[in-house]
Amino acid sequence: NNSLLFIGSYRTNEISELHPLTVQLRSIESKGVLVNNVEVGYLSREDTNELISDLIQTSPCLTFSLTDEVHRKTSGSVLFVLQYLKTIYDEGYLVFSSSSKEWKWDFSSMEPNSIPDNTLQLLSYKIKKLANATVFALKVLACLGFYCEDFILSSIEVGNGIDGFGCNNFISSLNAAVKEGLVEYVESNYMFVHDQIRLAAYSLIPEEDKEKWHLWVGQKILAGTASSQDKT
C-alpha cells in the first residue's frame, strides 16, 4: 500500500501567498494530489458540551449547566475553553467529590468579573498567580520569541534580575511553567504551548519597559555566551 494521509494545521492570517507553505501546497495540488481544506472555527455549544463531557468523564446530559457557563464565557474558543476549565477548577468552582465519585460545579458564589472574559486576560491572570521567579522566566522567554534553545537560556545568569524581580535558577523556573502546561520542552527547546500564552506573558511587561527588558536579556545572553567561550 503506497497511500499516505497527511494532516496539518495552520492559521490563514499568518500565511501569505508567498509563504513557503502556500507555495508547497500549490505545488502538491499541481501534481494531482488531493488536498482538502477544512476551516476550523469556534466550537458550538453542543461540541463544547461533548468536549467537557469527555474531559470530566460525565454523561453529556448532565454537563449542560457547566457547558452553558463555559460557552457563555468563551464563545467556544478551544484554548479559552480549556484554560477557563482549569481556572474554575483552581478557584474551587469545579470540584471532584470523593464521596459521590462525581464532578460538581457551583457558580453561585462567583463574583461578577472575578475571572477575565477573554483568552489573553485569563492567561495573564493565571500567569500572575505563579511564583514570581516563574513569572519572571516566562517574561524573559517571551522577549526571546515563541521558543528558545536551552543552552542559550542556561547561559542567562539572572540573580536579582530586572525591575526588582529575578530567579536564582532560570531553567528550574521555566520547568515550573512546563508543569503548569504553559511551556513545553521539545528537542532541547523551551517553547510556549500556544502563541496566546506568549502574548499573555509579554503583556505583563509594561509597554514603556519592553525596550529595557529586551536590552537586558540581550546583554545577559551575550555575557553568558562570552563566559562559556572563555571556559572552553
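**Surface patches, ring pairs and salt bridges in a predicted model**

L55, V78 and L82 together make a nonpolar patch on the surface, with an area of about 220 Å². The model described here is a predicted one. Within the patch, L55 belongs to helix α2, and its relative accessibility of 45% places L55 in the partly exposed class. Helix α2, which covers residues 45-55, also holds E50. E50 takes part in a surface feature of another kind, a patch of negative charge where E46, D47, E50 and D54 gather. With a relative accessible area of 55%, E50 is exposed, since the exposed class begins over 50%.

It helps to set these patches against the overall architecture. The protein chain contains ten helices and five strands. Its C-alpha trace extends over about 65 × 60 × 35 Å along the principal axes. Of the 232 residues in the chain, 36% are buried. One of the residues in the buried class is I221, at 17% relative accessibility. I221 sits in helix α10, which runs over residues 210-231. Its C-alpha lies 7.6 Å from that of L153, although 68 residues separate I221 and L153 in sequence.

Aromatic contacts come next. Six aromatic pairs are found when the whole structure is searched. In one of them, the ring centres of F80 and Y84 are 6.4 Å apart and the ring planes stand at 90°, so this pair is edge-to-face. Why are F80 and Y84 separated by about one helical turn? Both belong to helix α4 (residues 78-90), and they are four residues apart there, which means a separation of about one turn. F80 is buried, at a relative accessible area of 3%, and Y84 is buried too, with a relative accessibility of 0%.

The rings of Y185 and Y190 give a pair of another geometry: their centres are 4.6 Å apart and their planes meet at 45°, so the pair is tilted. The two partners fall into separate accessibility classes. Y185 is partly exposed, with a relative accessible area of 42%, whereas Y190 is buried, with a value of 4%. Ring pairs also join Y89, F96 and W103 into a cluster.

Charged side chains offer a further set of contacts. Side chains of opposite charge can pair when their charged atoms come close. Eight salt bridges are present in the structure. In one of these, the side chains of R11 and D195 meet with an N to O distance of 3.3 Å. R11 lies in the segment before α1 (20-30), while D195 lies in helix α9 (residues 195-203), so this salt bridge ties together parts that are 184 residues apart in sequence. R11 is partly exposed, with a relative accessible area of 36%.

R26 and E17 form another salt bridge, in which the closest N and O atoms are 2.9 Å apart. Here R26 is partly exposed, at a relative accessible area of 41%, and E17 is exposed, at 58% relative accessibility. A salt bridge also links K104 with E102, the closest N and O atoms lying 3.0 Å apart. K104 has a relative accessible area of 38% and is partly exposed; E102, with 37%, is partly exposed as well.

Finally, the backbone deserves a look at two loop positions. Q57 has a phi near 50°, a positive value in a residue other than glycine. This residue lies in the loop between α2 and α3 (64-74), and Q57 counts as exposed at 66% relative accessibility. E187 likewise has a positive phi near 50°, again in a residue other than glycine. The loop that holds E187 is the one between β4 (183-186) and β5 (189-192). E187 is exposed, with a relative accessible area of 73%.

How values were computed. Residues numbered from 1 in each chain as written. Predicted model: local features only at pLDDT ≥ 70, side-chain atom pairs only at ≥ 80, totals over all residues. Heavy atoms only, no water. Patch = residues over 30% accessible without salt bridge, like charges linked within 9 Å, V, L, I, M, F, W, Y side chains within 5 Å. Areas by Shrake-Rupley, 256 points an atom, 1.4 Å probe, with all protein chains shown as cover. Salt bridge = Lys/Arg side-chain N within 4 Å of Asp/Glu carboxyl O. Lys, Arg positive; Asp, Glu negative; His and termini not counted. Charge placed at Lys NZ, Arg CZ, Asp CG, Glu CD. Buried < 20%, exposed > 50% of the residue type's maximum accessible area, 1.4 Å probe, protein only. Phe/Tyr/Trp six-rings, centres within 6.5 Å; stacked < 30°, edge-to-face > 60°.
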